[in-house]
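I opened the model with a short list of things to look up, and I keep the entries below in the order in which I went through them.

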Amino acid sequence: MIKQKNGFTLIEMLIVLAIISVLIILIVPNLTGKTSEVNKKGCDALVQVVQTQVNAYHLDHGHYPSDLSTLVDDYITGDQLTCPNGEELDYEDGKVSI
């Protein structure tokens with residue numbers, strides 16, 4: 001009778017775990033500290049989107065809105081007044097900024 005060997009040996013499992021551990025050790029430090037960079041890029045993108053909606057309002061009504069809350073519901077949503085990092089958008093003379 002021939003025995004078939006199914007499964008992994010303990011050495012093979014330890015080698016795989018060692019490789020996974022090394023990959024985790026290399027990847028995790030590169031991910032930390034990226035949150036602020038991602039939030040800044042997201043905030044910059046939000047400013048561009050809201051500025052586009054301010055310009056659309058200007059085209060539709062012939063004048064710029066008095067403040068950003070005027071745009072809520074028709075042009076932007078209420079959560080688009082604040083960046084992902086918690087900073088509120090500023091608005092003055094038709095220009096949106098952080």
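Entry 1, salt bridges. I looked for salt bridges, taking one as a side-chain nitrogen of Lys or Arg within 4 Å of a carboxyl oxygen of Asp or Glu, and I found that the structure holds one. Lys40 forms the salt bridge with Asp44, and the closest N and O atoms are 3.4 Å apart. I note that Lys40 and Asp44 lie four residues apart in helix 2 (residues 35-61), so about one helical turn separates them. For accessibility I used these cut-offs: buried is under 20% relative accessible area, exposed is over 50%, and partly exposed is in between, with a 1.4 Å probe and protein chains only. Lys40 is partly exposed at a relative accessible area of 47%, and Asp44 also counts as partly exposed, at 30% relative accessibility.

Entry 2, how I read the model. This is a predicted model, in which local features need pLDDT of at least 70 and side-chain atom pairs count only at pLDDT 80 or more, whereas totals for chains, interfaces and linings use all residues. Residues are numbered from 1 along each chain as its sequence is written, and side-chain values use heavy atoms, with hydrogens and water left out.

Entry 3, the chain as a whole. I recorded two helices and two strands, in the pattern α-α-β-β along the sequence; helices (H or I, at least four residues) and strands (E, at least two) are DSSP runs, numbered from the N terminus. The radius of gyration of the chain is 26 Å, where a compact globule of 98 residues would have one near 13 Å; the radius is taken over C-alpha atoms, and the globule rule is 2.2 Å times the number of residues to the power 0.38. Along the principal axes, the C-alpha atoms fill a box of roughly 90 × 30 × 15 Å. Buried residues make up 17% of the 98 residues.

Entry 4, the loop between helix 2 and strand 1. I looked up Ile76 in this loop and found that Ile76 counts as buried, at 3% relative accessibility. From Ile76 to Gly42 the C-alpha distance is 16 Å, with their positions 34 residues apart in sequence. Asp73 is in the loop between helix 2 and strand 1 as well, and Asp73 counts as exposed at 71% relative accessibility. Phi of Asp73 is near 85°, a positive value in a residue other than glycine. I set beside this that most residues other than glycine have a negative phi.

Entry 5, the negative patch. On the surface I found a patch of negative charge in which Glu87, Glu88, Asp90, Glu92 and Asp93 gather. Patches are made of residues with over 30% relative accessible area and no salt bridge, like charges being joined within 9 Å. Glu92 sits in strand 1 (residues 90-92) and is exposed, with a relative accessible area of 60%. Asp93 is in the loop between strand 1 and strand 2 (95-97), is exposed at 70%, and has a positive phi of about 50° although it is not a glycine.

Entry 6, Asp67 and Asp93. Asp67, in the loop between helix 2 and strand 1, counts as partly exposed at 33% relative accessibility. The C-alpha atoms of Asp67 and Asp93 are separated by 9.3 Å, with the two residues 26 apart along the chain.

Technical notes: Patches are made of residues with over 30% relative accessible area and no salt bridge: like charges are joined within 9 Å, nonpolar side chains (Val, Leu, Ile, Met, Phe, Trp, Tyr) within 5 Å. Accessible areas come from the Shrake-Rupley method with a 1.4 Å probe; for residues, only the protein chains shown count as cover. Lys and Arg count as positive and Asp and Glu as negative; His and the chain ends are not counted. The place of a charge is taken as NZ of Lys, CZ of Arg, CG of Asp or CD of Glu.
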